[in-house]
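The following exercises are intended to be worked through with the sequence and the coordinates at hand. Please attempt each task before turning to its solution.

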Amino acid sequence: MKELRIRVLAGVFVVAGILSWAGARLWNSIGTLPSVPLAAPVVLALIAVILLATALSLRARLKAQRDRVPDAKGVDPMMAARAVVFGQASALVAALVAGMYGGMGAFLLEYLDIPARRDQAVYAGFSVVAGIGVIAAAIFLERVCKLPEDEDDDHPGTATAA
């Protein structure tokens with residue numbers, strides 16, 4: 001499984017932001033701009049909390065397993081792999097959604113004198129912050145579940161002692 005690349009997430013965020021900003025300008029010139037739902041930052045924050053709780057739980061269980069604590073509950077490798085895949089998928093979607101709301105928020109900055117648009121800009125800003133929280137929690141989860149490097153991989157071509 002490949003590791004998350006921050007460059008890829010940043011690229012998705014920037015491209016989605018630019019397209020969203022352009023789409024918001026076009027949509028506003030044609031008619032009414034759709035609103036940013038209040039649930040957007042709430043749902044993203046909830047996903048970030050779930051990812052963080054999963055990462056902290058797995059980290060504690062892995063530490064107990066490494067320290068050979070009696071009656072320590074081990075970590076099923078498939079469960080850890082599923083958690084990492086969920087984190088990676090969440091990070092990609094969060095980068096896309098945060099970029100989309102970031103572009104819309106950037107467009108709405110021109111209209112802060114209108115109370116309804118100001119509220120929408122605040123919701124969009126909170127969505128971007130919550131999306132960044134999802135990305136950070138997903139990267140943390142991935143680091144927690146990362147397997148230690150094999151010592152033989154560092155020195156290819158060296159013979160092992162028998």
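Each exercise below concerns a predicted model, and each solution proceeds in steps.

**Exercise 1. Helix α1 and its contacts with α3**

Task: Determine whether S20 is buried or exposed, and identify which residues it touches beyond its neighbours in sequence.

Solution.

Step 1. Locate the residue: S20 belongs to helix α1, which covers residues 6–30.

Step 2. Classify its accessibility. The relative accessible area of S20 is 11%. Buried means under 20%, and S20 is therefore buried.

Step 3. List the contacts. When residues up to four places away in sequence are not counted, S20 touches G99, M100, G103 and M104.

Step 4. Examine one of these partners from its own side. M100 is placed in helix α3. The C-alpha atoms of M100 and S20 are separated by 5.1 Å, although the two residues are 80 residues apart along the chain. With neighbours within four places in sequence left aside, M100 is in contact with A16, G17 and S20.

Step 5. Classify the partner as well. M100 has a relative accessible area of 38% and is partly exposed, whereas S20 is buried.

**Exercise 2. Polar contacts of N28**

Task: State which side chains make polar contacts with the side chain of N28, and give the distances.

Solution.

Step 1. Place the residue: N28 is found in helix α1.

Step 2. Collect the residues it touches. Residues up to four places away in sequence are not counted, and the result is L33, F107, Y111 and R117.

Step 3. Select the polar contacts. The side chain of N28 makes one with the side chain of R117 at 3.0 Å, and another with the side chain of Y111 at 3.5 Å.

**Exercise 3. P41 and helix α4**

Task: Establish what P41 contacts outside its sequence neighbourhood, and how far it lies from G125.

Solution.

Step 1. Assign the helices. P41 lies in α2, residues 39–66, and G125 is found in α4.

Step 2. Compare the positions. P41 and G125 are 84 residues apart in sequence, and 8.6 Å separates them in space, C-alpha to C-alpha. For A40 and G125, 85 residues apart along the chain, the C-alpha separation is 10 Å.

Step 3. Read the contacts. Once neighbours within four places in sequence are left aside, P41 is in contact with Y123, F126, S127 and A130.

Step 4. Contrast the accessibilities. P41 counts as buried because its relative accessibility is 11%. G125, at 31%, counts as partly exposed.

**Exercise 4. The nonpolar cores**

Task: Describe the largest nonpolar core, and name which residues in it touch the most other members.

Solution.

Step 1. Count the members and find the most connected ones. The core has 23 residues, of which L9, L58, I135 and L141 touch the most other members.

Step 2. Trace the elements involved. At least two residues of this core come from each of α2, α3 (77–108) and α4 (115–144). The largest share, eight residues, is supplied by α4.

Step 3. Inspect one member. Residues up to four places away in sequence not being counted, L9 touches L4, A91, L92, A95, I135 and I139.

Step 4. Look for a further core. A separate one of ten residues is present, with A24, L33, Y101 and A121 among them.

**Exercise 5. The largest pocket**

Task: Characterise the volume and the lining of the largest pocket.

Solution.

Step 1. State the volume, which is about 610 Å³.

Step 2. Describe the lining. It comprises 20 residues, and those closest to the centre are V144, C145, K146, L147 and P148.

Step 3. Assign the lining to elements. α2, α3 and α4 give two or more residues to it, and α3 gives the most, with five.

Step 4. Sort by character. The lining residues comprise eleven nonpolar, seven charged and two polar.

**Exercise 6. A loop residue with positive phi**

Task: Find where R68 lies, and decide whether it is buried or exposed.

Solution.

Step 1. R68 lies in the loop between α2 and α3.

Step 2. Its phi is near 55°, a positive value in a residue other than glycine.

Step 3. The relative accessible area of R68 is 70%. Exposed means over 50%, so R68 is exposed.

Note on methods: Residues numbered from 1 in each chain as written. Heavy atoms only, no water. Helix = DSSP H or I, 4+ residues; strand = E, 2+ residues; numbered from the N terminus. Buried < 20%, exposed > 50% of the residue type's maximum accessible area, 1.4 Å probe, protein only. Contact = heavy atoms within 4.5 Å. Core = buried A, V, L, I, M, F, W, Y, C linked by side-chain atoms within 4.5 Å. 1 Å grid on protein atoms, 1.4 Å probe; cavity = no way out; pocket = protein on both sides within 12 Å on 5 of 7 lines; lining within 4 Å. Points joined across faces, edges and corners; volume = space filled by probe spheres on them. Nonpolar A, V, L, I, M, F, W, Y, C, P; charged D, E, K, R; others polar. Polar contact = N/O pair within 3.5 Å; in protein donor to acceptor, adjacent residues only side chain to side chain.
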